[in-house]
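These are my notebook entries, kept for anyone meeting this structure for the first time. Have the sequence and the model open, and let us look things up together.

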Amino acid sequence: MAAANDIPPGISDSLGGDSTVAELVAEIKPRYHITGSKAVFYAREPYSNVDAVHVTRFFGLAPVGNKEKQKFLHAISPTPASTMSAIEISNKPPNTTPSPYKVVDNTPSRVTTKRPGDSTLEEQYWRYDVKKQKQGDGNTEKLCFKYLSSGTCPRGDNCHFRHDDEAREQYARGVCFDFLNKGKCERGPECHFKHSLVEEGESITNRRSRSQNASANRSRECWFCLSSPSVESHLIISVTEHLYCALAKGPLVDDHVLLIPVEHSPNTLSLPSDCQKELHKYQSCLRMFGKTQRKEFIFFELISKRSTHANLQALPIPQSKASSVKSIFNLAAKKLGFDFEAIMGDDVSEARELLKARFDGVSGFFYVELHDGTILGHTIDENENFPVQFGREVMAGLLKMPDKADWRNCKLSKDEEAKLVEDFKLQFKNFDPSEDA
């Protein structure tokens, strides 16, 4: 990342700096920031970023052929983030400093917009803004999506976007963010949210109807719903009444599969009891199959507000590495600043029941099921920057395959995927629970 007009605070006040670029860099948090506009060479200590796990390294380069003979060349060897594990990308050198941009913003703090109640005119303020934006003659502040979607914003009063409680209520009732923010939505029929304000007293029947329509639309578009035209059926290995097993897209290893509910569901911990029984059976069958290959299956799932359709990852590893899984996940957790809670029951089924009791159904959650029945669980805080591919990255590190930590680096052709599916079906046939159906 190169930016030509900024040097972070701490170099020299006399060098000046572009506050716009400083704000931009504080927002996008590059791993490298290189500038050449101040006629000096400067290599700053790495600094940590707010709401990001990686550090930023800053270099200022002097002009070519400068009289002071300051460096105008500096060699770096960046590793693409897509090939780094969560542990590697979150590593902080001993000389890492806090972000200099915590104090960069000198603009007046914006007060969080609260729903006024002193006068009829003030009560109509936000609604008037929507109308004015729709007419295109307003220049009001844009709404903060983070605040609308979660009710909190890590920037607090320093956020340059509007924290509007009434807008958040409308968003929670299913009103389109673009409509709330700009007064219009350009997605047309592809948008499945409401494009008018919803009154608080709207009937439950109407809400339920809209929710059912939204669910139907999600099912049609979801990659994992069997009823969806988007599902890649050539990846499917086995199907039972409530679940199916499919080859993972961009598999880490050849037998890397997913256990997926047939019906649209955001996570496997919220599945009804019949589905849970089938899931347990699938897991047992995969474990027995793995032992014939001298492997142990490790299961993990990330649950977040962005999750659309549940998928439990099932990854086989050599039995010789199984005893190391717990320690490497605990090490990765410490690197990210948290500790796993170990959950154990008399058997795997009881352990999952205990796990469900830890999950509140609202917060983000990550868990991994080990070969000995132990489950490591972690509730993800609202403002925690949890890596989306954390489970895969840790397993890629264990298997010494850091280049495969990102599934996009492991994409296969449709023919190659179909070949892996047929090979798995043949080997799994005697264990496949669908054969008993």
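**Entry 1: Arg392**

I started with Arg392 and listed its contacts (heavy atoms within 4.5 Å). Leaving out residues up to four places away in sequence, Arg392 touches Lys249, Gly250, Pro251, Leu252, His256, Phe300, Lys404, Ala405, Asp406, Trp407 and Cys410. I should say early that this is a predicted model, where local features need pLDDT of at least 70, side-chain atom pairs count only at pLDDT 80 or more, and totals for chains, interfaces and linings use all residues. Residues are numbered from 1 along each chain as its sequence is written, and side-chain values use heavy atoms, with hydrogens and water left out.

Arg392 sits in helix α12 (residues 390-398); helices (H or I, at least four residues) and strands (E, at least two) are DSSP runs, numbered from the N terminus. I then asked which side chain of opposite charge is nearest to Arg392. It is Asp406, 6.5 Å away, and Arg392 has no salt bridge although it is buried. For my own reference, a salt bridge puts a side-chain nitrogen of Lys or Arg within 4 Å of a carboxyl oxygen of Asp or Glu. For charge, Lys and Arg count as positive and Asp and Glu as negative, while His and the chain ends are not counted. Buried means under 20% relative accessible area, exposed over 50%, and partly exposed in between (1.4 Å probe, protein chains only).

What I did find for Arg392 is a polar atom of its side chain 2.8 Å from the backbone oxygen of Gly250. That is a polar contact: a pair of N or O atoms within 3.5 Å, where within protein one must be able to donate a hydrogen and the other to accept it, and residues adjacent in sequence count only if both atoms are side-chain atoms.

**Entry 2: salt bridges**

I looked up the salt bridges next, and the structure holds 13 of them. Asp406 has one with Arg408 (2.7 Å, N to O), and Asp406 is buried at 6% relative accessibility. Glu232, Lys249 and Glu417 are joined into one network by salt bridges that share partners.

Glu369 and Arg287 also meet through their side chains in a salt bridge (3.7 Å, N to O). Glu369 belongs to strand β11 and Arg287 to helix α9, so the pair ties together parts that are 82 residues apart in sequence. Are these two buried or exposed? Both Glu369 and Arg287 are buried.

The pair Glu296 and Lys291 has its closest N and O atoms 3.0 Å apart. Here Glu296 is buried, with a relative accessible area of 9%, whereas Lys291 is partly exposed, at 46%.

**Entry 3: nonpolar cores**

A nonpolar core is a set of buried Ala, Val, Leu, Ile, Met, Phe, Trp, Tyr and Cys residues joined through side-chain atoms within 4.5 Å. In soluble globular proteins, nonpolar side chains tend to be buried together.

The largest core has 31 residues, and Val257, Leu259, Leu286 and Tyr367 touch the most other members. Elements supplying at least two residues each include β6 (243-247), β7 (257-261), β8 (295-303) and α13 (414-428). Which element gives the largest share? Helix α9 does, with six residues. A second, separate core of 29 residues includes Val325, Ala332, Phe338 and Leu399.

**Entry 4: Glu278**

I stayed with α9 (residues 273-292) to look at Glu278. Glu278 counts as buried at 16% relative accessibility. A polar atom of its side chain lies 3.3 Å from the backbone nitrogen of Leu243. Its C-alpha atom is 8.3 Å from that of Glu241, 37 residues apart along the chain.

**Entry 5: strands**

Two strands pair if DSSP finds at least two bridges between them. I found β5 (residues 236-239) and β6 pairing in the antiparallel sense over three bridges, with Ser238 partnered by Cys245 in β6. Three residues lie between β5 and β6 in their hairpin.

Strand β4 (residues 55-60) has five of its six residues buried, so it is largely enclosed by the rest of the structure. Strand β1 (residues 32-35) pairs with β4 in the parallel sense over four bridges, and Tyr32 stands opposite Arg57. Strand β2 (residues 42-43) runs antiparallel to β4, joined by two bridges; Ala43 has Phe59 as its bridge partner. Strand β3 (residues 47-48) is also antiparallel to β4, again with two bridges. My last note is on the β3-β4 hairpin: six residues lie between the strands, and Asp51 in the turn has a positive phi of about 65 degrees.
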